[in-house]
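Let's take a friendly walk through a protein, going from its overall layout to a few of its residues. Have a look at the picture first, and then we will read it together.

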Amino acid sequence: MVYRILLALAAILLSPFLLYRLFGMVVQFRSRQNLYVAVLLLAFLGTIGGSLLADMQYPQGPADMGLTFAILGSYGLISVTALLLPYILWKEQLSQKIRLTVLSIGSVLQIPFFFAFFVNPEIRDGGPLPLFADRLPLPGMLFDAIAALVGTAGETGYGIWFTIALSIGLFIQMALTSLFFYLIGAILMGEKSQE
């Protein structure tokens, strides 16, 4: 069990740097953006499609281990691509040292966000529907408000909305975090260049 936790932590911490390196190997800026969109779409298809498939094939219990790992890996890929969003949107505006520092901070911040995302109140049959705010500290309340406004046509309709919105919310949460630290890095770099 300890090895699995350590392996998961290593994957969470190192995957942003590996994907950053992969995107950095693509020389043309437009091609890099296209690769980013393709990876992001693949991650969304993995989480949404895998979760819906698991709900259909295993309605009463946990999904097959391979499918579970594919879904978890897709959620991780969504988080990592969200962390890399500022580096894809803007060309190399930050120095290498600040980029790696900001990416390191975002990489470490994935851990508490994933903890909130995966360790949450258990959902019981006949119990209350799950809340986004339990899983997504930043956009969760907004998603809960949208769900309340739209209303739920039953647990099945809410389950599909919940599955899709979780993936989108995870991306938004990590992208906002990454953009915040990227802007702080840009401000610090601007102040250093003025001195």
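In what order do the elements of the protein run from the N terminus on? They run α-α-α-α-α-α-α. In other words, the protein has seven helices and zero strands. Keep in mind that this is a predicted model.

**The overall picture**

The protein has 195 residues, and 36% of them count as buried. Look also at its contacts with a separation of 6 or more: residues 24 or more positions apart account for 77% of these.

**One helix up close**

Try following α2, which has 29 residues. From its first C-alpha to its last, α2 reaches 41 Å, close to the 42 Å expected at 1.5 Å a residue. Several residues of α2 are buried, among them Arg32, Tyr36, Phe44 and Ala54.

**The nonpolar core**

Tyr36 also appears in the largest nonpolar core, which has 42 residues. Tyr36, Leu84, Phe132, Leu170 and Phe171 are the ones that touch the most other members. The elements that give two or more residues to this core are α1, α2, α3, α4, α5, α6 and α7. Of these, α7 gives the most, with nine residues.

Two residues are worth comparing by their partners, leaving aside neighbours up to four places away in sequence.

| Residue | In contact with |
|---|---|
| Leu170 | Tyr75, Ile78, Ser79, Phe114, Phe117 and Leu136 |
| Val102 | Tyr87, Phe181, Tyr182 and Gly185 |

**A closer look at Val102**

You will find Val102 in helix α5. Why does Val102 count as buried? Its relative accessibility is 7%, so Val102 falls under the 20% cut-off for buried residues. Along the chain, Val102 and Leu83 are 19 residues apart, and their C-alpha atoms are separated by 9.7 Å.

**A pocket**

Now for some empty space. Rolling a probe the size of a water molecule over the atoms shows where such space is left. The second largest pocket holds about 930 Å³ of space. It is lined by 24 residues, and the closest to its centre are Arg4, Ala8, Ile12, Leu72 and Phe118. The elements giving two or more residues to this lining are α1, α3 and α5, and the largest share, nine residues, comes from α1. What kinds of residues make up the lining of the second largest pocket? There are 18 nonpolar residues, five polar and one charged.

Key. Residues numbered from 1 in each chain as written. Predicted model: local features only at pLDDT ≥ 70, side-chain atom pairs only at ≥ 80, totals over all residues. Heavy atoms only, no water. Core = buried A, V, L, I, M, F, W, Y, C linked by side-chain atoms within 4.5 Å. Buried < 20%, exposed > 50% of the residue type's maximum accessible area, 1.4 Å probe, protein only. Helix = DSSP H or I, 4+ residues; strand = E, 2+ residues; numbered from the N terminus. Contact = heavy atoms within 4.5 Å. Expected span 1.5 Å × (residues − 1). 1 Å grid on protein atoms, 1.4 Å probe; cavity = no way out; pocket = protein on both sides within 12 Å on 5 of 7 lines; lining within 4 Å. Points joined across faces, edges and corners; volume = space filled by probe spheres on them. Nonpolar A, V, L, I, M, F, W, Y, C, P; charged D, E, K, R; others polar.
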